[in-house]
Amino acid sequence: MTSTTTARPVQHFVGGEFIDSADAAPIDRHAPATDEIISLVQAGGAPEVALAVAAARTAFDEGPWPRMTGLERSVRLSRVADLIDAHAAELAALDAEEVGKPIRLAEGDIGGAAGLWRYAASLATTMSGSTYTNNGPDFTGLVLREPVGVVGLIVPWNFPALILSQKLPFALAAGCTAIVKPSELTSSSAQLIMRLTIEAGIPAGVIGMVAGDGRAGQALTESAGVDLVSFTGSTATGRRVIAASTGNIKKLSLELGGNAANVVFADADLEDAAAGVVFGVNFNNGECCVSQPRLLVERSVADDFVREVARQTALLKVGQPMERSTDVGALIHAGHLGKVTSYIDGAARFGGEVITGGTRLTDGAFARGQFISPTVIDRVVPDAPAFQDEVFGPVLTVTRFDSRDEAIRLANNVPYGLANSVWSQSIDTVLEVAKGLKSGTVYANTTIDAPPQMPFGGYKASGVGREMGQAGFEEFTELKSVNIRT
Ligand code: NAD
């Protein structure tokens, strides 16, 4: 471990000011690739949450933000998008270093984040309710759409700036005020975005941030001053969020774990499908909720297809996050690396055969970080933990099928239901499988492809509610019926 002299301080953001915790020691964030301490993160809890909630409550009840026209809010959200673009290199470097993800991917995330702020800006101008007049000549029903109030936004570590941007601008567009709780592992880009919102003219108090670990998230979830929590993270933590939110019957939006399948039929464009499968599982080091760690492939083409997938996997370059040639960087922390390797080690007990990768890299530049070679495990049975659980690493399992029905059954045979892909040149097959899959998203002849206009969220243990799209925006609103007799 190296000295902390160059480590970045990450503070709370309350009422437009950056502040420290009164008495808690900061959390050291070690870089996944080098183990250096790169950030010192203030450890917030109930006292800091109380301050941030009070500021956001005043801003909501008395401040200009919910009272502005949609156009006035929209102009400010667009300015944040422009400022994110202007600071893209810095934001991408922060996320790459703290997550351990390849810099090229982090740059894509920041472009996506700016796009989300721009799309949310457009929604601010079109927020509307509806009318109902078909209940007698003297009846007018107005359905008013209103901001839900003060919202808590809890963000995971794998896409720090991007997932923050799937939540914050949508809440702001609706006229809510918001408190962000970034992951303690990756808070620096959130801190910079806080600065940019002030520069963009969003009034002090409208947005707050409480840095820190699960204690800050728990306090935000328990707070009676928070009307809605939008949480993205693991299903295990999601269950805790549900339990902690009951005091004031909060609204919840929960974006939880995933375990997607790539379903490849013999009539697919197999070249595209092989590239898609390799990308789908290794994207973001495999640390992605819509990562596709389960390859389900039709038996008649399986042997050749799997050989090609393994060949392409072995060509991926594992490397330092900041190197532009890196395809797969460092996993988030040592405990997570241990979990990922345990699934690889355990696969053999279930008949699985590691056909490429499967080893931790420890030589030279890899010595101090959490690096693993991208892995393919063939002949994995559905009962194997590597098939059932969210492994969250660059590890692909392969299972063969003989029919559409079997493919759908296998894809659905996990607790999660976030996303799946289907590859076939038959529109009949694509539609039948898409309809049969129990997941909030289905990609067809593509993989991990999510424009901001498309609602995103989970079936089953993958969550409740939607993000992005009109539906994601409406999560941050309430409907009020005004029933008028004249
Ligand atoms: P996590 O559940 O450990 O943490 C998520 C956030 O919750 C962090 O900010 C953490 O500090 C906070 N937290 C921890 N304990 C809490 C508590 N008791 N109450 C409130 N907040 C608490 O998840 P993670 O390891 O940061 O992220 C990886 C997980 O997130 C994976 O399961 C992944 O699938 C999921 N994820 C889902 C989506 C989606 O859109 N569905 C997107 C990205 C990641």
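This is a short tour of the structure, with a suggestion at each stop for what to select.

**The whole chain**

Begin with everything displayed, and keep in mind that this is a predicted model. The protein has 15 helices and 25 strands, and its C-alpha atoms fill a box of roughly 70 × 70 × 40 Å along the principal axes. A compact globule of 486 residues would have a radius of gyration near 23 Å, and because the protein has 23 Å, the two agree. Buried residues make up 53% of the 486 residues. If you look at contacts between residues at least 6 apart in sequence, 71% of them join residues that are at least 24 apart.

**The sheet of 7 strands**

Next, select strands 15, 18, 19, 14, 13, 21 and 22, which in that order form an open sheet with mixed pairing. At the edges you will find strand 15, residues 353-356, and strand 22, residues 441-444, each of which pairs on one side only. As you pass from one strand to the next, the twist averages 25 degrees. Within this sheet, pick out residues 261-264 and 419-423, which are strand 13 and strand 21; these two run parallel and are joined by 3 bridges. Which residue of strand 21 stands opposite Val 263? If you label that part of strand 21, you will see that the residue is Val 422.

**A hairpin and its partner strand**

Now move to residues 130-132 and 139-147, that is, strand 6 and strand 7, which pair in the antiparallel sense over 3 bridges. Here Tyr 132 stands opposite Gly 141 in strand 7. The hairpin of these strands has 6 residues between them, and Gly 136 takes a positive phi near 100 degrees. Keep strand 7 selected and add residues 477-485, which are strand 25, and you will see an antiparallel pairing over 9 bridges. In this pairing, Val 143 stands opposite Ser 481 in strand 25.

**Around the ligand**

Select the ligand and then the 31 residues around it, of which Pro 156, Gly 214, Gly 217, Gly 233 and Thr 237 come nearest. Helix 7, residues 214-222, and helix 8, residues 235-244, are the elements that give two or more residues to this shell, and helix 7 gives the most, with 4 residues. Coloured by character, the shell divides into 10 nonpolar, 15 polar and 6 charged residues.

**Val 229**

From Gly 217, one of the residues that come nearest to the ligand, go to Val 229, which is 12 residues away in sequence and 9.7 Å away in space, C-alpha to C-alpha. Val 229 lies in strand 11, residues 228-232. Is Val 229 buried or exposed? With 25 other C-beta atoms within 10 Å, Val 229 is buried. Beyond its neighbours within four places in sequence, Val 229 is in contact with several residues, including Gly 152, Ile 154, Leu 220 and Leu 252.

**Val 278**

For the last stop, select helix 9, residues 270-282, and find Val 278 in it. Val 278 is buried, since 28 other C-beta atoms lie within 10 Å. Leaving out residues up to four places away in sequence, Val 278 touches Val 309, Gln 312 and Thr 313. To finish, draw a distance from Val 278 to Ala 200, which are 78 residues apart along the chain, and you will find their C-alpha atoms separated by 40 Å.

Conventions: Residues are numbered from 1 along each chain as its sequence is written. This is a predicted model: local features need pLDDT of at least 70, side-chain atom pairs count only at pLDDT 80 or more; totals for chains, interfaces and linings use all residues. Two strands pair if DSSP finds at least two bridges between them. Axes are lines fitted to C-alpha atoms, for helices over the stretch in contact, and angles run from 0 to 180 degrees between N-to-C directions. The radius of gyration is taken over C-alpha atoms; the globule rule is 2.2 Å times the number of residues to the power 0.38. A residue is buried if 20 or more other C-beta atoms lie within 10 Å of its own, exposed if 12 or fewer, and partly exposed in between; C-beta atoms are placed from the backbone. Two residues are in contact if their C-beta atoms, placed from the backbone, lie within 7 Å. A residue is near a molecule or strand if its C-beta atom, placed from the backbone, lies within 6 Å of it. Ala, Val, Leu, Ile, Met, Phe, Trp, Tyr, Cys and Pro count as nonpolar, Asp, Glu, Lys and Arg as charged, and the others, Gly among them, as polar.
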